[in-house]
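Subject: The structure, and what turned up in it

Hi there,

Here is the structure I promised to pass on. Have a look at it first, and then read on for my notes.

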Amino acid sequence: MTDEPIPRPLTILGEAFRFMAEKLETRMDQEPLETGSVFNISDLVDEHVHLLSDRVSALTAHVNEGLGLLSYEPDEHFHRAARRIRAELEGILGGYDSLRGLQATAEDFEGWSLLVGIYRETLYQIQVWLDEVADFADDPVAGAKKRGVSADGDGVVNLGLVMNPPPQIDRLTSWLTHKHDLMAAQHQNAWEQEQRHAHRDRMIAGVLIGLFVGTK
């Protein structure tokens with residue numbers, strides 16, 4: 001890379017990403033409005049895991065669209081890509097705020113907390129990436145050197161978004177497995193107890209029938 005002028009598409013995306021990163025940092029620390037209570041933790045996890053998966057996949061696709069052709073598209077292409085990235089990010093933040101606004105019982109608190117942690121780690125990784133791209137747009141030469149690419153060479157700098165699985169995922173999976181096993185054991189115990197009660201009731205009924213028959 002050389003000290004050539006910064007491509008306008010990179011400038012457009014850099015400015016948009018800087019704004020997104022700052023807004024993301026602010027939103028992550030804001031207290032959400034209370035929206036209700038956790039009703040079914042398993043359904044809640046399923047809902048938000050699918051939301052996160054769909055939104056991150058769409059966001060990554062829009063990133064590839066925006067950064068894939070930095071020199072051969074009109075400005076509107078990059079403005080449109082930035083708007084689509086921002087929309088997916090808003091969707092993730094909406095899910096994050098909705099989840100944090102729920103009140104969880106002591107029984108479900110750990111699972112709820114781990115799910116919040118998955119959101120927060122995902123958003124943090126996106127924020128770091130947005131800042132990195134914005135920094136690179138401000139000074140591509142320094143950005144290339146930071147990534148080990150020679151400033152006077154023809155090396156390629158990868159600005160793509162790479163997401164690492166949040167560590168809370170394994171812990172949440174283990175927690176859910178344990179909860180399901182516990183619930184299954186409780187249901188089995190309840191069924192066995194119900195059968196014992198039914199047997200006892202039949203015995204009592206038999207004694208009463210015998211009693212009344214014997215008094216005739």
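A helix here is a DSSP run of H or I with at least four residues, and the helices are numbered from the N terminus. Please keep in mind that this is a predicted model.

**Aromatic pairs**

With that definition in hand, helix 4 is a good place to begin. F109 and W112 both sit in helix 4, and because they are three residues apart there, about one helical turn separates them. There are three aromatic pairs in the structure, and I will describe two of them.

One joins Y96 and Y119: the ring centres are 6.0 Å apart and the planes meet at 40 degrees, so this pair is tilted. Y96 belongs to helix 3 (residues 75–100) and Y119 to helix 4, so the pair ties together parts that are 23 residues apart in sequence. Are these two tyrosines buried or exposed? Buried means under 20% relative accessible area. Y96 has 2% relative accessibility, so Y96 counts as buried. Y119 has 0%, so Y119 counts as buried too.

The other pair is F109 with W112. Their ring centres lie 5.4 Å apart with the planes at 40 degrees, so this pair is also tilted. The two partners part ways on exposure: F109 is partly exposed, with a relative accessible area of 45%, whereas W112 is buried at 13%.

**Helix 4 and its surroundings**

Which helix crosses helix 4 at roughly 145 degrees? That is helix 1 (residues 8–29), whose axis comes within 8 Å of the axis of helix 4 (residues 109–138). The crossing of helix 1 with helix 4 is left-handed. Sorted by class, the residues of this contact are 15 nonpolar, two polar and seven charged.

L115 is another residue of helix 4. With a relative accessible area of 0%, L115 is buried. From L115 to L172 the C-alpha to C-alpha distance is 7.2 Å, although their positions lie 57 residues apart in sequence, counted as the separation of the two.

**The cavity**

How many cavities of 30 Å³ or more does a search of the whole structure find? The search finds one. The volume of this largest cavity is about 50 Å³, and its lining consists of M20, K23, L24, R86, L89, E90 and L93. Helix 1 and helix 3 are the elements that give two or more residues to that lining. Helix 3 gives the most, with four residues. By class, the lining of the largest cavity has four nonpolar, no polar and three charged residues.

**A pocket to look at**

The second largest pocket holds about 300 Å³ of space. It is lined by 15 residues, and L52, S53, I118, P166 and I169 are the closest to its centre. Where does the lining come from? Helix 2 (41–68), helix 4 and helix 6 (168–214) each supply at least two residues, and helix 2 gives the most, with five. The lining of this pocket divides into ten nonpolar, five polar and no charged residues.

If you want a place to start on screen, try Y96 and Y119, the tilted pair, and then move along helix 4 to L115.

Best wishes

Key:
Residues are numbered from 1 along each chain as its sequence is written. This is a predicted model: local features need pLDDT of at least 70, side-chain atom pairs count only at pLDDT 80 or more; totals for chains, interfaces and linings use all residues. Side-chain values use heavy atoms; hydrogens and water are left out. Axes are lines fitted to C-alpha atoms, for helices over the stretch in contact, and angles run from 0 to 180 degrees between N-to-C directions. A crossing is left-handed if the near helix is turned anticlockwise from the far one by less than a right angle, and right-handed if clockwise. Ala, Val, Leu, Ile, Met, Phe, Trp, Tyr, Cys and Pro count as nonpolar, Asp, Glu, Lys and Arg as charged, and the others, Gly among them, as polar. Rings of Phe, Tyr and Trp (its six-membered ring) pair if their centres lie within 6.5 Å; planes under 30 degrees apart count as stacked, over 60 as edge-to-face and the rest as tilted. Buried means under 20% relative accessible area, exposed over 50%, partly exposed in between (1.4 Å probe, protein chains only). On a 1 Å grid over the protein atoms alone, a cavity is a set of points where a 1.4 Å probe fits but cannot get out, and a pocket is an open set with protein on both sides within 12 Å along at least five of seven lines; lining residues have an atom within 4 Å of a point. Grid points are joined across faces, edges and corners, and a volume is the space filled by probe spheres set on the points.
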